[in-house]
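Grab a coffee and work through these short exercises on aromatic pairs and nonpolar cores. Try each task before you read its solution.

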Amino acid sequence: MLILEDHTDLQTSSGPMRVHWFRPNTLPQHPSARFPGVAVFTEIYQVTGPVERFCRQIASLGYLVGCPESYHEFEVPGTVIPYDVEGTDRGNRYKTEKTLAAYDEDATLLLDAMTSHPNCTGRIGATGMCLGGHLAFRCAFDSRVSASVCYFATDIHSETLGRGKASDSLARCTEIAGETLLIFGKRDTHIPFDGRAKIHKALSDGGVHFSWYEQADAQHAFIRDELSKGRYDPAIASHCFEMLKELFFRKLHVEYGAPVSAPKAAPEHKKFMSAAHAFAKTTATAAQSLTAREEVLALYRDLMRAARKWPNQSQRRLNVQPHITARLRSEFVRSDADSGKTLAERLAHGRSELAALNRMLQGTSEAQYPLQENGPIRAFLPPARTYSLLDEPAQESMSNKNMGPWSFIGAYLAGRITREVDR
């Protein structure tokens, strides 16, 4: 689609903020055409040529795009900070001189202007790169944002955005109500592996609905097609833009209507966490409740991580993994009266089960109890070289002994089943 471009100045608590608008050109036949809105947040250099081209690409797909100048407190409207050493130093200095509240105010005012724009449907997405990736992440805290795409977002893992370098983005990530996509390059020195892992863990633990993409060879600013210090990769940039297109179309353009079926079931990990909370609530005394709940949740997470590592056995008649998860779920929702165990006893039992799972997954049980190469018990142990579980001889052995998989494994690890089983 052809596009129109203009700008307006929005009044903030610290003065005017220029917003650059890009929208499909439906004039003169359709002056009242309406489109979903996309807020685009910039790098530390403000609205540069590469950012304008990025905005035009999105607008031409049928979106009203608004791109604010984030450093309006320090620069006159329309200022573009150059891609050089002085410009980089200036942009980085502004980044930590501006307050976190001012960044958030900018985003709120932009969304207000966008949702009230005569050419906007009111459905909103957000995206940005570098500093803008972080600002798009925070913009998604606003419930009006249905989808967001954050390109190599800086300072989320370190929480160093804004004056005082004490941002709270990870702590607030559970406020992201829409779907978000985070894109990184594995060779990006601004967001190292540990930093990316920290972000991923926070989103996972918080139950955020997110997708994650790390490109093996991409560096920082790999989508910037100008003065990127040799880091621009057109093929990777195009691939990532396709992911943006898919998410925005699915969340912003499609009209799903009111649901007619039953409400969507909670994600499995939320069921597990609810079970753990219920277990802690019913078993801990008032004085111990907080400590007990934390201990139970930590153990439950570790057990579920171990259970998820158990290899898929879709080709087998009997699958150990569902037995593991079912056992954990039932164990953590029963009260003390139901289980006949105290809280301490149940936690000790959970730790022993976790240790047993990890021993099997790591192959240490096999080293402790030598087995015949073709023996049936070996079928339960997933060392690195094989995940061939529960073969026919093992199933027959279990059937003959009238054992379920959990009791069979537990008995073996306790040393009560010896090599006689192999004979």
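**Exercise 1.** Is Phe184 buried or exposed? And what about Trp212?

*Solution.* Bear in mind that this is a predicted model. Start with the cut-off: buried means under 20% relative accessible area. Phe184 has a relative accessible area of 0%, so Phe184 is buried. Trp212 comes out at 22%, so Trp212 counts as partly exposed.

**Exercise 2.** Classify the aromatic pair of Phe184 and Trp212, then place both rings in the chain.

*Solution.* First, the distance: the ring centres of Phe184 and Trp212 lie 5.0 Å apart, and the pairing limit is 6.5 Å. Next, the angle: the planes are 40 degrees apart, which makes the pair tilted. Finally, the placement: Phe184 sits in strand β7 (residues 179-185) and Trp212 in strand β8 (residues 210-215). With their positions 28 residues apart, the pair links distant parts of the chain. The structure holds 12 aromatic pairs.

**Exercise 3.** Track Tyr151 through its aromatic cluster, its core and its contacts.

*Solution.* Cluster first: Tyr151 joins Phe54, Phe152, Phe222 and Phe241 in one aromatic cluster. Now the core: the largest nonpolar core has 78 residues, and Tyr151 is one of those touching the most other members, along with Phe41, Ile58, Val65, Phe137 and Phe248. Helix α6 (residues 234-253) gives the most to this core, nine residues. Last, the contacts: leaving out residues up to four places away in sequence, Tyr151 touches Phe54, Met129, Ile183, Phe241 and Leu244, among others.

**Exercise 4.** How many residues does the other core, lying apart from the largest one, have?

*Solution.* That core has 10 residues, including Val296, Leu303, Ala306 and Leu347.

Technical notes. Residues are numbered from 1 along each chain as its sequence is written. This is a predicted model: local features need pLDDT of at least 70, side-chain atom pairs count only at pLDDT 80 or more; totals for chains, interfaces and linings use all residues. Side-chain values use heavy atoms; hydrogens and water are left out. Rings of Phe, Tyr and Trp (its six-membered ring) pair if their centres lie within 6.5 Å; planes under 30 degrees apart count as stacked, over 60 as edge-to-face and the rest as tilted. Helices (H or I, at least four residues) and strands (E, at least two) are DSSP runs, numbered from the N terminus. Buried means under 20% relative accessible area, exposed over 50%, partly exposed in between (1.4 Å probe, protein chains only). A nonpolar core is a set of buried Ala, Val, Leu, Ile, Met, Phe, Trp, Tyr and Cys residues joined through side-chain atoms within 4.5 Å. Contact means heavy atoms within 4.5 Å.
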